[in-house]
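I opened this entry to keep track of what I looked up, in the order I looked it up. The topics are strands, cysteines, cavities and one helix residue.

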Amino acid sequence: MFKKILIANRGEIACRVIKTAKKMGLTSVAIYSDADAQALHVQMADEAIHIGPPPANQSYIVIDKVMEAVKASGAEAVHPGYGFLSENSKFAEALDAAGVAFVGPPVGAIEKMGDKITSKKIAKEAGVSTVPGYMGLIADADEAVKISNEVGYPVMLKASAGGGGKGMRIAWNDEEAREGFQSSKNEAANSFGDDRIFIEKFVTQPRHIEIQVLCDAHGNGIYLGERECSIQRRNQKVVEEAPSPFLDEATRKAMGEQAVALAQAVGYTSAGTVEFIVDGDKNFYFLEMNTRLQVEHPVTELITGVDLVEQMIRVANGEKLTIKQSDIKLNGWSIENRLYAEDPYRGFLPSIGRLTRYRPPQEVAAGPLSDNGKWADDAPTGTFAVRNDTGVYEGGEISMYYDPMIAKLCTWAPTRAEAIEQMRVALDSFEVEGIGHNLPFLSAVMDHPIFIDGTMTTAFIEEQYPDGFSGVELAEPELRRIAAATAAMHRVAEIRRARVSGRMDNHERKVGTDWNVAMQGHSFDVVINADHDGASVRFEDNSSLRVSGDWTPGDQLATMTVNDAPLVMKVGKISGGFRIRTRGADLKVHVRTPRQAELARMMPEKVAPDTSKMLLCPMPGLIVKMDVAVGDEVQDGQALCTIEAMKMENILRAERKGVVTKINAGAGDSLAVDDVIMEFE
């Protein structure tokens, strides 16, 4: 076995690989750019080597620099993670020439299947059903428009070397095809060093289901079930689960066997993923093969008990698989939510800055495995697991140079419903401050009826949130639970204030029992009857809720129980109450005496300033292009400028017809959130 392994990546996946390397007794080597000098993966590794400036195309994807680090470290193997150089055949060739093992498939398999154009041609020649499209090279935007018309709108423009949603655009007309082609090329070049683009028909209402395969160099290949990846935003997966709530055993077996056969046809070794589009009748069509470890691999590990990173390392060391297809048992259900540094209230635009607070929920192991690392026949039931793969820490910086994903939160339980409930609690327990993030949106998805039913398609976010995400309106039963809990918490805070002031000898007796709790347009008059074990909170209709918990004033997380059901809330202080965040909602909860509540109803509401005639920068980023000039008349939907942030290009468009009266920035300028880019008449 190797003694030293270099991880040619950063962030959470580098940390993930380092964990397995340590478990196997291997010395781990990290690489880092200037921006990552204090990163978590650097701190976790046994050794770390600097490789250049922050931009990935000057550091992490420069093969020569990575090879210099490999040589300097004396590493015998390199794990590429995902993204960056993970599917770059030239990198694999360079390692082979240097006598260093690549923890991934052989060069030939990468070239055949890692390139999405070539893989589709091979799949078609092998008789695998594929989505209609044009797999050749596309010279320019004019040719892209011509091909799009031949294929038929809508079409998907995709980077040949792409992944993670980078270099992908959906076009519904000629203008979008022209714009999308250039943006896709730019993103592909910046992210992968390869700007080739291909076009395929965009299939509406599909499900995105992928099969995890594992092959060795001795002719053995197995599949480890499937992952449902249909909830996507901008073609980037947001929520994944294993198994799929849609497949039956016969379809799973057919997809798995086809995936393994395809992998073995190209001499594939290591872990890989074959992606399919599956229609409502369970017909499946080959989409692409990812010749690397997938972002969402933890859910497969949680339902099979197989450490995929360990298996990849062992295969790269020339070992035979010790796991047979008959050994694979899908136990329970696992769900993964990707935590992104994206502000859901600003159209999911990237957010950067310092993590002033970062407290993931406590991780819980799934349960005992058999000696060979697989689920035993008596695998755990009635238990649950929480896993958080992350690459950041409290006080660290979220950089504008890299992908905005900062953690992958996973839960496992014996059933899908239990896994969802565990995820709800875990999301509510996840404390992140200092940046915009998508935790509220993820909570909303976990409570959405379509997700709960398991009937989602890849159009879920587009259809259910057509105007973006503006928060969650909680139903009255949930508001009552929050009202009962916050009333009890307010009572505790009032007792503490009385005790600290020293003005009252019997402070508990002096604190009132009648309160009004107001939030989200609802008002609840409650009476609190407290005892040593908690409090009973009675409402106007004489219904009552029992509240218990160990919250004390100043705690930013309240783990409460209301009528024997968990209620986890992030707690902030506002005048006369609390800022409460739970289940995707962000609430101002005012707890007042009846007289205070009466007076509060008479207060006028504050009016927000009018910014309707300004284009504000929605995210920290760099202006790539300015499309208009002072005096131009713009139409609704017209492109105004393009901003690049976290490797993604974002086109800002006019919301209505108007005339540009002032422009405050130009191409090359770096802007902060809410900087005024231009003004209109």
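**Strands.** I count two strands as paired if DSSP finds at least two bridges between them. The model I am reading is predicted. With that pairing rule in hand, I looked for a closed sheet and found a barrel of eight strands, in the order β24-β25-β26-β27-β28-β29-β30-β31, with antiparallel pairing. I noted the average turn between neighbouring strands of this sheet as 35 degrees, direction ignored.

I then picked one pair out of the barrel. Strand β25 covers residues 522–531 and strand β26 covers residues 534–539. I found six bridges joining β25 to β26, and the two run antiparallel. For a single residue I took V527 and looked up its bridge partner in β26, which is R538.

**Cysteines.** How many disulfides does the structure hold? I get zero. I checked C15 by itself: C15 is in no disulfide, and the nearest cysteine sulfur, that of C410, is 15 Å away. I also asked whether C15 is buried or exposed. C15 has a relative accessible area of 1%, so I list C15 as buried.

Next I took C617. Why is there no bond from C617 to C641? The sulfur of C641 is the closest cysteine sulfur to that of C617, but the two are 7.7 Å apart, which is too far for a bond; the cut-off I apply is 2.5 Å. C617 has 0% relative accessibility and therefore counts as buried.

**Cavities.** I searched for cavities of 30 Å³ or more and found one. The largest cavity holds about 40 Å³ of space. Which residues line the largest cavity? I wrote down R233, Q236, V238, Y340, E342, F348, N438, F441 and I461. Sorting this lining by residue class, I get five nonpolar, two polar and two charged residues.

**One helix residue.** Last, I looked up V492, which I found in helix α16, residues 476–501. Is V492 buried, exposed or partly exposed? Its relative accessible area is 32%, so I list V492 as partly exposed; my range for that class lies between 20% and 50%. I also took the separation of V492 from E87. The two are 405 residues apart along the chain, and their C-alpha atoms are separated by 57 Å.

Definitions and conventions:
Residues are numbered from 1 along each chain as its sequence is written. This is a predicted model: local features need pLDDT of at least 70, side-chain atom pairs count only at pLDDT 80 or more; totals for chains, interfaces and linings use all residues. Side-chain values use heavy atoms; hydrogens and water are left out. Buried means under 20% relative accessible area, exposed over 50%, partly exposed in between (1.4 Å probe, protein chains only). On a 1 Å grid over the protein atoms alone, a cavity is a set of points where a 1.4 Å probe fits but cannot get out, and a pocket is an open set with protein on both sides within 12 Å along at least five of seven lines; lining residues have an atom within 4 Å of a point. Grid points are joined across faces, edges and corners, and a volume is the space filled by probe spheres set on the points. Ala, Val, Leu, Ile, Met, Phe, Trp, Tyr, Cys and Pro count as nonpolar, Asp, Glu, Lys and Arg as charged, and the others, Gly among them, as polar. Helices (H or I, at least four residues) and strands (E, at least two) are DSSP runs, numbered from the N terminus. Axes are lines fitted to C-alpha atoms, for helices over the stretch in contact, and angles run from 0 to 180 degrees between N-to-C directions.
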